[in-house]
Amino acid sequence: MFDAATAELIRGAPALSGVDPLVLPQELTRVYSDLVVLRLKGTSAADDPDHLPALQRLKRIADIYEGAVDAGAERNARRAAAFVAATAHQILGQIQVPGYESGQALLEPDAIHPAIAAPLLFLIAEQNADAREAARPLGGVRIENRLRSAVIESVFDLATERYGGNFGACGEVTSRSCECRRPVDHICS
Amino acid sequence: MIYEQKCTDHPRDEFRDKVLKSFLEWKEHKRDNQLVQAVTGLVERFNLTDNEHLALYDRLVQVHPLTFQAALTVTPPIFDAPRCVSLFSGYADITPDIANRLGDAFPLPNIRNWFSVFADSVWNKIEAANV
């Protein structure tokens with residue numbers, strides 16, 4: 001599943017209790033291949049008791065590494081942790097395990113959904129192609145809160161490089177966001 | 001500690017249908033991303049090293065040392081022990097260790113009065129500051 005350079009990047013992730021980064025490439029590959037097999041059989045991995053522990057473990061690894069990235073680990077370890085967390089989010093997102101269901105809020109004051117986190121984590125890992133792929137589900141997503149909607153749209157634009165050097169797409173988002181702003185006179189009157 | 005504080009006329013319904021449901025989601029690791037993101041904000045001012053951050057999130061998610069506290073408004077104001085037991089029925093399903101599940105019951109009229117006094121106080125401060 002991973003080329004040699006990517007596997008090397010993954011092995012650079014910081015060790016966790018019960019998690020050996022040296023074998024993480026194989027572990028991620030195994031989970032992914034199991035999911036592909038189950039999908040071909042028409043079985044949902046999230047409902048399969050044999051696979052649930054592996055999926056739960058993967059989610060915990062993703063959450064821990066996402067926290068480490070957020071806290072600002074050193075550059076190489078941060079890139080590696082970000083890549084593992086993003087990859088795990090992407091795998092888990094495909095099977096809608098708890099915490100990844102569509103219909104959950106994408107952006108809340110207390111947390112961001114893995115669908116938003118994954119492209120940002122890939123960008124931190126400097127894996128732009130993966131970021132583009134991870135951002136694809138965010139294309140065209142609009143939510144009622146226009147400011148949050150603009151943030152989601154901006155994440156999509158950033159990960160898919162839609163700004164294209166002239167900031168055209170980002171400018172569109174900014175214009176729409178400005179519609180949310182109210183004049184100071186209005187607030188103070 | 002995970003808090004749920006509810007001001008309600010129907011404490012049992014609120015506890016059974018919302019508080020327990022929420023606690024279960026925390027317990028079953030469904031909200032670990034929220035947990036980690038909340039703790040990231042809380043520990044920001046401690047200037048932890050990378051290793052300390054990692055050890056913190058590792059323990060937080062894998063050991064999951066959560067305790068729960070539910071606080072609900074109740075009527076009548078004198079709310080005896082059997083009523084409390086009935087109100088918090090099902091709590092032990094979240095965590096068997098009683099030290100990890102706390103329950104508080106506040107008389108609803110007192111809380112309403114507190115809200116009113118607090119709101120007046122805030123309003124007075126705003127007017128005094130001429131905001």
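Here is a chat between a biologist and a modeller about the two chains shown above.

Biologist: Before we start, what kind of model is this, and how are things numbered?

Modeller: This is a predicted model, in which local features need pLDDT of at least 70, side-chain atom pairs count only at pLDDT 80 or more, and totals for chains, interfaces and linings use all residues. Side-chain values use heavy atoms, leaving out hydrogens and water, while residues are numbered from 1 along each chain as its sequence is written, and chains are lettered from A and ligands numbered from 1 in the order in which they are written.

Biologist: Okay, chain B then: in what pattern do its helices and strands follow each other?

Modeller: Helices (H or I, at least four residues) and strands (E, at least two) are DSSP runs, numbered from the N terminus. Chain B has five helices and three strands. Read along the sequence, they give β-α-α-α-β-α-β-α.

Biologist: And what is the radius of gyration of chain B?

Modeller: That radius is taken over C-alpha atoms, and the globule rule is 2.2 Å times the number of residues to the power 0.38. For a compact globule of 131 residues you'd get a value near 14 Å. The C-alpha trace of chain B spans about 50 × 50 × 20 Å along its principal axes. Its radius of gyration is 19 Å.

Biologist: What share of the residues in chain B is buried?

Modeller: Buried means under 20% relative accessible area, exposed over 50%, and partly exposed in between (1.4 Å probe, protein chains only). In chain A, with 189 residues, the buried share is 41%. For the 131 residues of chain B, the share is 37%.

Biologist: How much surface do chain A and chain B bury between them?

Modeller: The size of an interface is often given as the accessible area lost when the parts come together. Here buried area is the accessible area (1.4 Å probe) that two parts lose on being put together, summed over both. Carbon and sulfur atoms carry 57% of the area between chain A and chain B. The total is about 1700 Å².

Biologist: Which residues of chain A lose the most area to chain B?

Modeller: Contact means heavy atoms within 4.5 Å, and this one takes 22 residues from chain A and 15 residues from chain B. Three residues of chain A together make up 30% of what that side buries. They are A:Arg60, A:Asp63 and A:Ile64.

Biologist: Now helix 2 of chain B: how many of its 11 residues are buried?

Modeller: The buried ones include B:Leu35, B:Val36 and B:Val39. They pack against parts of both chains, including helix 5 (114-124) of chain A and helix 1 (11-27) of chain B. So helix 2 is mostly covered, and the number of buried residues is eight.

Biologist: Which residues does B:Asn33 touch, leaving aside its neighbours within four places in sequence?

Modeller: B:Asn33 sits in helix 2 of chain B. This residue counts as buried because its relative accessibility is 11%. Its partners are A:Lys59, A:Asp63, A:Ala111, A:Ile112 and A:Pro114.

Biologist: B:Asn47 and B:His64 both have a positive phi; is B:His64 buried or exposed?

Modeller: Let's take B:Asn47 to begin with: phi is near 50°, and this residue lies in the loop between helix 2 (32-42) and helix 3 (50-63) of chain B. B:Asn47 counts as exposed because its relative accessibility is 68%. B:His64, with phi of about 55°, is in the loop between helix 3 and strand 2 of chain B. Its relative accessible area is 13%, so B:His64 is buried.

Biologist: Where is the proline that follows B:Thr75 through a cis peptide bond?

Modeller: The bond runs from B:Thr75 to B:Pro76, with omega near 0°. B:Pro76 lies in a loop of chain B, between strand 2 (68-74) and helix 4 (81-87).

Biologist: Last one: how far apart in space are A:Ala125 and A:Asn76?

Modeller: A:Ala125 is in the loop between helix 5 and helix 6 (128-135) of chain A, and counts as buried because its relative accessibility is 0%. Leaving aside neighbours within four places in sequence, A:Ala125 is in contact with A:Arg79, A:Ala82 and A:Phe83. A:Ala125 and A:Asn76 are 49 residues apart in sequence, but C-alpha to C-alpha the distance is 8.7 Å.
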